[in-house]
Amino acid sequence: MPIIGSAFLTLIAIAGVSAAQSPADGSLPQALNEGFGDFLLVPAGSFLMGDNFDEGDADEIPVHSVSLEAFYIARSKVTNADFARFMAAGGYTEPSYWKAGGFGEYGSAPRFWESEKYHGGGTGEGDAFPVVGVSWFEASAYCSWVSAETGELYRLPTEAEWEKAARGTDQRRFPWGEAIDGSYANYEFSNDPFEPGLTPVGYFDGSVSDGFQTSENVSPYGAEGMTRNVWEWCADWYDGSYYSTSPEKNPTGPKSGGSKVLRAGGWVDSHYYHRAANRNGSF
């Protein structure tokens, strides 16, 4: 069985949009919701990808220009309640959802699904927490299921799409700006009320929760919590030297590899791993 990353994993999916959903003038709607959460438009255009602060690892350089077509990114992480729908619909028994591989190598639920410590189970107070222990294959199968239900293309983001959705075009360090503390994100020693442990999806919204003042941590395009709480899968194979040869237009990663790209940083990781330019790889 492929290794499940130690930081516990979730996903952000990207939606295609059909001509029927576009206004008569051909413009794209700013948001979509087909019953699987809000998806927000990230407009076409270029941005500079990579570590422009000279503080990351060698796999984050060189900084390079990337041009992307317009796409949609999920507003929020996939919750236990979301993933429970996939399971109830035969997500682990329908081979057509597992076109990317992995069918038969997993059981009937993500790793740690029944763990009270990690708020798994998809029931009770766990519904609002992000699903954890999801391999890249399970994340891809979830996207295939949503695609089958809607008739539109939902998939994992490419690494370049993820980074643009997270930090926009102004090369910010974190999705919300340049600094991080426990009011913005859940990470090791953040001292938020849930630390050490997961926080519910949407918790950091600028409101006061049980006496704790949170700060809004949305990205420039409105996506919530893109660097906090749990790692997120991307579609690409991981290669530490890929930035040196990456094409400028719509890069999709190496042709093959030994691991898939992870972004975002988990609740057990230091704030260093929550930088929008940070990269990792696993399965």
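This passage walks through the fold of the chain, from its overall make-up to a few unusual spots in the backbone. The model is predicted, so everything below describes a computed structure.

Starting with the big picture, three helices and 13 strands turn up in the chain. Of its 283 residues, 53% are buried. The accessible surface amounts to about 11600 Å², and carbon and sulfur atoms account for 51% of that. As for how the chain folds back on itself, take the contacts between residues at least 6 apart in sequence: 70% of them link residues at least 24 apart.

On the strand side, one open sheet is built from three strands, lined up in the order β3-β4-β7 with antiparallel pairing. The edges are taken by β3 (31-33) and β7 (71-74), each of which pairs on one side only. From one strand to the next, the twist averages 35°. Strand β4, covering residues 38-42, runs antiparallel to β3 and is tied to it by three bridges. One pairing to look for on screen is Leu 32, whose bridge partner in β4 is Phe 39. In general, the strands of a sheet pair through backbone hydrogen bonds, in either a parallel or an antiparallel way.

Another antiparallel pair is made by β5 (residues 45-49) and β6, with five bridges joining them. Here Leu 48 has Ser 65 of β6 as its bridge partner. Strand β6 itself, residues 64-68, has two distinct faces: His 64, Val 66 and Leu 68 make up the covered one, while Ser 65 and Ser 67 sit on the uncovered one. Ser 65, then, is both the bridge partner of Leu 48 and part of the uncovered face of β6.

Turning to the helices, α1 (residues 80-88) and α2 (residues 136-150) have axes that come within 10 Å of each other and cross at roughly 75°. With that angle, α1 counts as roughly perpendicular to α2, because the range for this label is 65 to 115 degrees. From α1, the contact is made by Asp 82, Phe 83, Arg 85 and Phe 86; from α2, Glu 138, Ala 141, Tyr 142 and Trp 145 take part. Sorted by type, the contact residues come out as five nonpolar and three charged, with no polar ones.

The loops hold some backbone oddities. Two cis peptide bonds are worth a look, and both lead into a proline. Ile 61 and Pro 62 are joined by a cis bond with omega of about 5°, and Pro 62 lies in the loop between β5 and β6. The bond from Glu 195 to Pro 196 is also cis, with omega near 5°. Pro 196 is found in the loop that connects α3 (159-167) and β9 (208-209).

That loop between α3 and β9 also contains Gln 171, which has a positive phi of about 60° despite not being a glycine. Phe 112 is a further non-glycine residue with positive phi, in this case about 70°. Its place is in the loop between α1 and α2, the helices that cross at roughly 75°. Is Phe 112 buried or partly exposed? Its relative accessibility is 23%, so Phe 112 counts as partly exposed; the cut-off for buried is under 20%.

Key:
Residues numbered from 1 in each chain as written. Predicted model: local features only at pLDDT ≥ 70, side-chain atom pairs only at ≥ 80, totals over all residues. Heavy atoms only, no water. Axes fitted to C-alpha atoms, helices over the stretch in contact; angles between N-to-C directions. Helix = DSSP H or I, 4+ residues; strand = E, 2+ residues; numbered from the N terminus. Parallel < 35°, antiparallel > 145°, perpendicular 65-115°, else oblique. Contact = heavy atoms within 4.5 Å. Nonpolar A, V, L, I, M, F, W, Y, C, P; charged D, E, K, R; others polar. Buried < 20%, exposed > 50% of the residue type's maximum accessible area, 1.4 Å probe, protein only. Pairing = 2+ DSSP bridges. Areas by Shrake-Rupley, 256 points an atom, 1.4 Å probe, with all protein chains shown as cover.
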